[in-house]
Amino acid sequence: MYTAKIIASYFPEGTHLLSDPDAKISQLCIDSRKAAWQSHAIFIALKGARADGHRYILDAWKHGVRNFLVEDTIDLTEMPEGNYISVPHVLEAFHHMAAEHRKTFSGKVIAIIGSNAKTWVKEWLYMLMHHDLAVYRSPGSYNSQVGVPLSVWNIPLDANFAIIEAGLSKPGEMTKLQKIIRPDIVVFTHFGDAHDEGFDGNKEVKLNEKLIMCSEATSIVFPKDQSTVFRKINESFPAKNHFTWSLQGDGMVNGTEVKMEEGSQVQISIDDKHHTYHIPFSGVVPVSNSLACVTTFLALGIPLAPRLKWMADLRPIDMRLKAEIGIQGCVIINDSYSLDLDSLQYALESLDIAGQSQKKTLILSDHAVGRPHIYEALARMINGAGMDKLVCIGNEVKVLLQLVSPSIEAYAYKDVDEFFRQGGIADFYNEVILLKGARRFGFERIARRLQLKSHSAVLHVDLGALDHNLRYFYSRIHPGVKKIAVVKANAYGAGSMEVCRFLSYQNIDMLAVAVIDEGVELREAGISIPVMVLNPDPDGMENILEFNLEPEVYNAFILKKLLRLCSFRQQQAVIHIKLDTGTHRLGFGREQVSELIELLSDQPWIQVGSIFSHLSASDDPTFDDFTLKQIARFETSYKALTDGLGYTPPRHVLSTAGILRFPQFQFEMVRLGIGLYGVGLPEHKELMPVHSLKARILHIQNIDPGESVSYSRSFITDRSRTIATVNLGYADGLPRVAGDVGCSFLLHGQQAPIIGRVCMDMTMIDVSDIPEAGIGDEVIVFDKTQSLEVLAKACGTIPYEILTHLNLRIRKVYEHG
């Protein structure tokens, strides 16, 4: 454990204020909302595109943090006690702190680099090593300029191995990460196109940047199949130990033959000894990733035999940190294959999706390796995370019942069977439940019981992609401009409650919904940030005031009604004035501005929160002249209105496309809509789709020539075919015309054409050329590779319409990355 004095000594050039130099520091805090968890933390006041950590120092101080790493001058009036370590640049100092901790670690450090599969290989290495070795790995995808120092700082000094993932997006980043990680072994997973844009498409420059991580390593593990990587590493690092694997021809793993049988049985030969192992996956990519692990074990010199046996228990990494709708109003987050302090802290952060009315519940097993002393640290973490309920399953973990706060409702069971027998599964209602345990306890059984049994079609909502898209837009929005996230129509089908809870942690200034009921739902779910209602019904003004919503006011009728109600209730309201500049849908025209001024003058009840307009064609260059004409009309009306009001509320005219195409008119606020979800801007390849819709095959049959498929004999086959029935129809939101316009689903990596008319609950596809198709197989309607835009265009509609028509009966799974 460090002290404030030790951390300050790293930066002798700084001016430090240390009221308690011997204060213990064992944790890093970069989010003031998590400060209550971390009793011995130093708050790192990072500056980023979306937020400046210095703004949240007081919040962290109020949560009990007394150690701070800062670069700005801090007003200490409300924070008289504390240790303030002042440095020229917080991020660089943060890197230096992590590098100093790395110097104290005597175990082996493995760095995982590459364009793809870094997290996959890192997690599989951990799964195959943690049974019998003291091993640490960086949580989630913590591979950035912030994630890596967080990961390295948390390396336990009693671990034998540390696995750290490192990524980059532009030149100069890997040099900084290498100085922090200083790996003994580097595993290069794959070299591809990711982040090409950061290197102006120059792959050689990008490869050279990645290989900086190898500069001090003793061994490098890399694929022989990728000739560019193979040649470059041999040229650049001829004196280092090279360990390679290959899947081509007489594939070799350092002289090791590789042969795949039936997709998941792998045979290897090492030093004339033959080995066979099984992985529960088919396909080249999982097998290649398993070989990367085998090759890494050879480089480490650790026993191979037990790890080959454990290959059969590998799990897909995407089973982690997914939120699913559960029984009795619950949300289930299943992270049930391992348990260690770092992964638990990472998983506890996912409980941020809980609303104010929902309990936070943790179901926890014994620690995987058996370290009894760990439970005191677990108890501190559970207490700090604000848990309401704790369910312990196992023999050791029950000690937590004496260690956690008395305010936490706590139970203990010997095993999952006892938990079921004693009716524990029936005790959950309106809770966010985190399942966190070692694989051997079989928590998947609990997850299956808790999941809401419904339609087996699933909409996957990738909150990591949503975060990525936010960052993309934030980098293109001028500093100081406030952001309004549009979440109307159930957040474009993604689920407004879950999306809004996520957005409320991402420095969004305001949410915008279409109708009053949507705003009420957000308030009842505990969403407290400002909510604008874009199309309020005049008859709903009582709810506007009762739930502290902020209506768009678009005509004198609704304004007068709201004024009368505010006066009657002696209650103030914030409104947003809509000006009609040419879309002619809602809003005050230029000729109505004087009436508007008169209504708003000399009254104490209503404050104008913003003045805005809607551009009808800001996404289409064909109409740029008209767009500029609308903006000019807006500025004229805005000036007249604010001259009459005597103050200047914020302005906004730009939504998603306009933000990117007309940055000079971002004014004081902008509205982020469909682009947040990675849809509708195909020219911006950096955006990632948030929605993925998948269904399953219910039935397969062969039909003869002349037979018909679906209603009205809408498809008559001219040859023998194999057709599959999928559990998704137009009642779920799939356009009914999809079968008439050449649309298809993706099945086992191949296109399966829709044949016949789409039915209410089912759709038929032709799988004649996909012999591996089977009942229960997953089909992809749209995702990152199967384009929603292509489906919408073929059906003569737009992506918005398909997303907003998705039926609520489709189960949603929220992926947190």
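# Close-up views of a predicted model

**View 1. A salt bridge joins Arg102 and Asp184.** In this predicted model, the closest N and O atoms of Arg102 and Asp184 are 3.8 Å apart. The pair connects distant parts of the chain, with the two positions 82 residues apart in sequence. Arg102 belongs to helix α3 (residues 90–103), whereas Asp184 is placed in the loop between α6 (173–181) and β11 (185–188). With a relative accessible area of 6%, Arg102 is buried. Across the whole structure, the search returns 25 salt bridges.

**View 2. Arg809 forms salt bridges with Asp732 and with Asp761.** For the pair Arg809 and Asp732, the closest N and O atoms lie 2.6 Å apart. Arg809 is located in the loop between α26 (799–804) and β40 (810–815), and Asp732 in the loop between β35 (721–726) and β36 (744–747), so this salt bridge ties together parts of the chain that are 77 residues apart in sequence. Asp732 counts as buried, at 0% relative accessibility, while Arg809 is partly exposed, with a relative accessible area of 33%. The side chains of Arg809 and Asp761 meet at 2.7 Å, N to O. Because Asp761 sits in the loop between β37 (750–753) and β38 (763–766), this second pair ties together parts that are 48 residues apart in sequence. Asp761 counts as partly exposed, at 33% relative accessibility. Elsewhere, Lys122, Glu123, Arg137 and Glu165 are joined into one network by salt bridges that share partners.

**View 3. Arg523 is buried and has no salt bridge.** Arg523 is found in helix α19, which covers residues 516–524. The nearest side chain of opposite charge is that of Glu550, 6.0 Å away; a salt bridge requires a nitrogen-to-oxygen distance within 4 Å, so the pair does not qualify. The side chain of Arg523 instead reaches the backbone oxygen of Ile527, at 2.7 Å. Beyond its neighbours within four places in sequence, Arg523 is in contact with Ser528, Ile529, Pro530, Val531, Phe547, Asn548 and Leu549.

**View 4. Eight strands form an open sheet with parallel pairing.** The strand order is β30-β29-β28-β27-β26-β25-β24-β31. Strands β30 (651–652) and β31 (669–672) stand at the edges with a single partner strand each, so one side of each has no neighbour in the sheet. Within the sheet, β25 (residues 510–513) and β26 (residues 531–533) pair in the parallel sense over three bridges. Ala512 has Met532 of β26 as its bridge partner.

**View 5. The largest nonpolar core has 144 residues.** The residues with the most contacts inside this core are Leu400, Val487, Leu503, Leu511, Ile577 and Tyr677. Leaving aside neighbours within four places in sequence, Ile577 is in contact with Val553, Phe588, Leu596, Leu600, Val608, Ser610, Ile611, Phe612 and Leu641. Another core, of 38 residues, lies apart from the largest one and includes Ile112, Val135, Ile268 and Ala292.

Conventions:
Residues are numbered from 1 along each chain as its sequence is written. This is a predicted model: local features need pLDDT of at least 70, side-chain atom pairs count only at pLDDT 80 or more; totals for chains, interfaces and linings use all residues. Side-chain values use heavy atoms; hydrogens and water are left out. Helices (H or I, at least four residues) and strands (E, at least two) are DSSP runs, numbered from the N terminus. Buried means under 20% relative accessible area, exposed over 50%, partly exposed in between (1.4 Å probe, protein chains only). Lys and Arg count as positive and Asp and Glu as negative; His and the chain ends are not counted. A polar contact is a pair of N or O atoms within 3.5 Å; within protein, one must be able to donate a hydrogen and the other to accept it, and residues adjacent in sequence count only if both atoms are side-chain atoms. Contact means heavy atoms within 4.5 Å. Two strands pair if DSSP finds at least two bridges between them. A nonpolar core is a set of buried Ala, Val, Leu, Ile, Met, Phe, Trp, Tyr and Cys residues joined through side-chain atoms within 4.5 Å.
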